[in-house]
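Trainee: I have a chain open on my screen and would love to practise reading it. Could you go through it with me, one question at a time?

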Amino acid sequence: PAEPKNADANLKTLYKNALQARGARFKDPTYRAYMAEGLEWKTLGDFAANPADKNTYYGYAAHVYIDASKNFPMEWVPWFNVGNMYQFMNDYVRAEQAYKKAIDIAPAQYEPFSALIEMYDSRNTRPTGSFISFLSHPFYLTPALSVIPAQAGIHAFNLNTNPLYPTVSHL
């Protein structure tokens, strides 16, 4: 991607860092290198003032994370990060798909499940297609996790009780 429009010195430094991370990944394509490069593009998107630049850099970060998921298919974090990038770009359909892929890979991980529920809750929407019940989700049933984070519980409660949400029987 091109350097951000009207970039100040800090933004130019972030862009240079992203290009260096890209070069490092091509030199040594380890999982860590993919994650580092994705984070650099995401950070550049966070600080870009122009909305088109933001989406370009978030999109590029998503692309890097998707490549990571192809090379490291048992890792859930790349799909979680893809979901975050799509959410930043207001592409909620693809964000939902990415979070669900992360959940499929690692159903006991809290982060993608919570992000998905929070996305539904913040947008007053319901899941598309079939979705697993909160109470039957492996995260909830994992004995090692005796305290379920309140945030996920509140979002799940809202999905089931808030009158702003349409009634859905599969939750």
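Trainee: Which side chain meets that of D91 in a salt bridge?

Mentor: Good place to begin, and please keep in mind that this is a predicted model. Side chains of opposite charge can pair when their charged atoms come close. Here the N to O distance is 2.6 Å, and a salt bridge needs the two atoms within 4 Å. The partner of D91 is R94.

Trainee: Are D91 and R94 buried, exposed or partly exposed?

Mentor: Buried means under 20% relative accessible area and exposed means over 50%, with partly exposed in between. D91 has 22%, and R94 has 40%. Both values lie in the middle range, so D91 and R94 are each partly exposed.

Trainee: How many salt bridges does the chain have?

Mentor: The pair D91 and R94 is one of them. Another joins the side chains of D46 and K42, at 2.5 Å from N to O. With the 4 Å rule applied, the count comes to four.

Trainee: Which helix holds both D46 and K42?

Mentor: These two residues are four apart in the sequence, about one turn of the helix. D46 is partly exposed, because its relative accessible area is 29%. The helix that holds D46 and K42 is α2.

Trainee: Which side chain pairs with R25 in a salt bridge?

Mentor: The N to O distance for this pair is 2.2 Å. The two residues are twelve apart and link distant parts of the chain: R25 sits in helix α1 (residues 9-27), and its partner in helix α2 (residues 31-47). That partner is E37.

Trainee: Is E37 buried or exposed?

Mentor: The cut-off for buried is under 20% relative accessible area. R25 is at 5%, so R25 counts as buried. E37 has a value of 0%, so E37 is buried.

Trainee: What is the angle between α2 and α4?

Mentor: Two packed helices are described by the angle between their axes and the distance between the axes. For α2 and α4 the axes are 12 Å apart, and the angle is about 10°. That makes α2 roughly parallel to α4, because angles under 35 degrees count that way. On the α2 side, the contact is made by Y31, M35 and K42, and on the α4 side by V77, P78, N81, M85 and F88. So the angle, to come back to your question, is about 10°.

Trainee: Which helices do the buried residues of α3 pack against?

Mentor: Helix α3 covers residues 51-71, and its 21 residues reach 30 Å from the first C-alpha to the last, close to the 30 Å expected. Its buried residues include Y57, Y58, Y60, V64, Y65 and I66. They pack against α1, α2 and α4.

Trainee: Which residue has a side-chain oxygen that reaches the backbone nitrogen of A52?

Mentor: Look at the start of α3. There the oxygen comes to within 2.7 Å of that nitrogen. The residue is N50.

Trainee: Which residues does S69 touch, not counting those up to four places away in sequence?

Mentor: S69 lies in helix α3, and at 7% relative accessibility it counts as buried. Its side chain reaches the backbone oxygen of I66 at 2.6 Å. Beyond its neighbours in sequence, S69 touches P78 and W79.

Trainee: How many residues of α6 are buried?

Mentor: Helix α6 runs over residues 110-123 and has 14 residues. Among its buried residues are F113, L116, I117 and Y120. The helix is mostly covered, and its buried residues number ten.

Trainee: Where does N90 lie?

Mentor: N90 has a positive phi of about 60°, although it is not a glycine. Its relative accessible area is 53%, so N90 is exposed. Its place is the loop between α4 and α5.

Trainee: How many helices does the chain have?

Mentor: From the N terminus on, the elements run α-α-α-α-α-α-α-α. Of the 171 residues, 41% are buried. With zero strands, the number of helices is eight.

Technical notes. Residues are numbered from 1 along each chain as its sequence is written. This is a predicted model: local features need pLDDT of at least 70, side-chain atom pairs count only at pLDDT 80 or more; totals for chains, interfaces and linings use all residues. Side-chain values use heavy atoms; hydrogens and water are left out. Buried means under 20% relative accessible area, exposed over 50%, partly exposed in between (1.4 Å probe, protein chains only). The expected span of a helix is 1.5 Å times one less than its number of residues. Contact means heavy atoms within 4.5 Å. A polar contact is a pair of N or O atoms within 3.5 Å; within protein, one must be able to donate a hydrogen and the other to accept it, and residues adjacent in sequence count only if both atoms are side-chain atoms. Axes are lines fitted to C-alpha atoms, for helices over the stretch in contact, and angles run from 0 to 180 degrees between N-to-C directions. Angles under 35 degrees count as roughly parallel, over 145 as roughly antiparallel, 65 to 115 as roughly perpendicular and the rest as oblique.
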